[in-house]
Amino acid sequence: MKFIIAIIKPFKLDEVREALGGIGVAGMTVSEVKGFGRQKGQTEIYRGAEYSTNMLPKVKLEIAASDDIAAQVVETIQQTASTDAIGDGKIFVLDLASATRIRTGESGDTAL
């Protein structure tokens, strides 16, 4: 099993969620987060005054996936969340040692 963490632009969430549902992803956890990468934030103009923001709003997706579809999940997120602009985000893939469904006690892939 793999644990996939994706940091994407907030306006791409619905599109990514629908695309993942289309390939069989049954669930995910979504959090609103703030952060920055290489661009170190951005400069914006608000009411005629220029100011700098160093933390940008992002959405963090956390998905537990079986090894069978993990690569497809990563590819789907990458293609769907891309705007070809700086700050599109990142995808991290970690090995997931175990998963247990609390209600039934199922573990492994069946818990997903």
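The protein has two helices and six strands. What you have in front of you is a predicted model. Read along the sequence, the order of elements is β-α-β-β-β-β-α-β. There are 112 residues in the protein, and buried residues make up 29% of them. If we take contacts between residues at least 6 apart in sequence, 71% of those contacts join residues at least 24 apart.

I will begin with the sheet. Four strands form an open sheet, in the order β2-β5-β1-β6, and the pairing is antiparallel. Which strands stand at the edges? They are β2, residues 29-35, and β6, residues 89-95. Each has a single partner strand, so one side of each is left without a neighbour in the sheet. On average, and ignoring direction, neighbouring strands here are turned by 20 degrees against each other.

Now the pairings, going across from one edge. β2 pairs with β5 in the antiparallel sense, over seven bridges. One pair to look at is glutamate 32, whose bridge partner in β5 is valine 59. Next, β5 pairs with β1, antiparallel and over seven bridges. Here alanine 6 stands opposite leucine 61 of β5. Last, β1, which covers residues 2-8, pairs with β6, antiparallel, through seven bridges. In that pairing isoleucine 4 has valine 93 of β6 as its bridge partner.

A word on β5 itself. Of its 10 residues, seven are buried, so the strand is largely enclosed by the rest of the structure.

On to the helices. Helix α1, residues 13-22, lies across β1, β2 and β5; β5 is residues 56-65, and the helix runs at about 10 degrees to that strand. Helix α2, residues 67-81, also packs on the sheet, where it touches β1, β5 and β6. The direction of α2 makes about 5 degrees with that of β1.

How do the two helices meet each other? Their axes are 9 Å apart and they pack at an angle of about 150 degrees. The crossing of α1 past α2 is right-handed. From α1, the contact uses Glu15, Val16, Ala19 and Leu20; from α2, it uses Val73, Thr76, Ile77, Thr80 and Ala81. By type, these residues divide into six nonpolar, two polar and one charged.

That leads to the core. In soluble globular proteins, nonpolar side chains tend to be buried together. In this model the largest nonpolar core has 15 residues, and those with the most contacts inside it are Ile8, Val73 and Ile77. The elements giving two or more residues to this core are β1, α1, β5 and α2. What does valine 73 touch, leaving aside its neighbours within four places in sequence? It is in contact with Ile4, Leu20, Ile23, Val25, Ile63 and Ala65.

Three loop residues remain on my list. The first topic is methionine 28, in the loop between α1 and β2. Methionine 28 has a relative accessible area of 25%, so it is classed as partly exposed. Its C-alpha atom is separated by 6.6 Å from that of leucine 61, although the two residues are 33 apart along the chain. Neighbours within four places aside, methionine 28 is in contact with Arg17, Leu20, Leu61, Glu62 and Ile63.

Then serine 66, in the loop between β5 and α2. Is serine 66 buried or exposed? Its relative accessibility is 16%, and buried means under 20%, so serine 66 counts as buried. Not counting residues up to four places away in sequence, serine 66 touches Met1, Asp109 and Leu112.

Finally, aspartate 84, in the loop between α2 and β6. Aspartate 84 has a positive phi of about 60 degrees although it is not a glycine. With 75% relative accessibility, aspartate 84 counts as exposed.

To go over the main points once more: an open sheet in the order β2-β5-β1-β6, with α1 lying across β1, β2 and β5, and α2 touching β1, β5 and β6. The largest nonpolar core draws two or more residues from each of β1, α1, β5 and α2.

Methods
Residues numbered from 1 in each chain as written. Predicted model: local features only at pLDDT ≥ 70, side-chain atom pairs only at ≥ 80, totals over all residues. Heavy atoms only, no water. Pairing = 2+ DSSP bridges. Axes fitted to C-alpha atoms, helices over the stretch in contact; angles between N-to-C directions. Contact = heavy atoms within 4.5 Å. Core = buried A, V, L, I, M, F, W, Y, C linked by side-chain atoms within 4.5 Å. Buried < 20%, exposed > 50% of the residue type's maximum accessible area, 1.4 Å probe, protein only. Left-handed = near helix turned anticlockwise from the far one by under 90°. Nonpolar A, V, L, I, M, F, W, Y, C, P; charged D, E, K, R; others polar.
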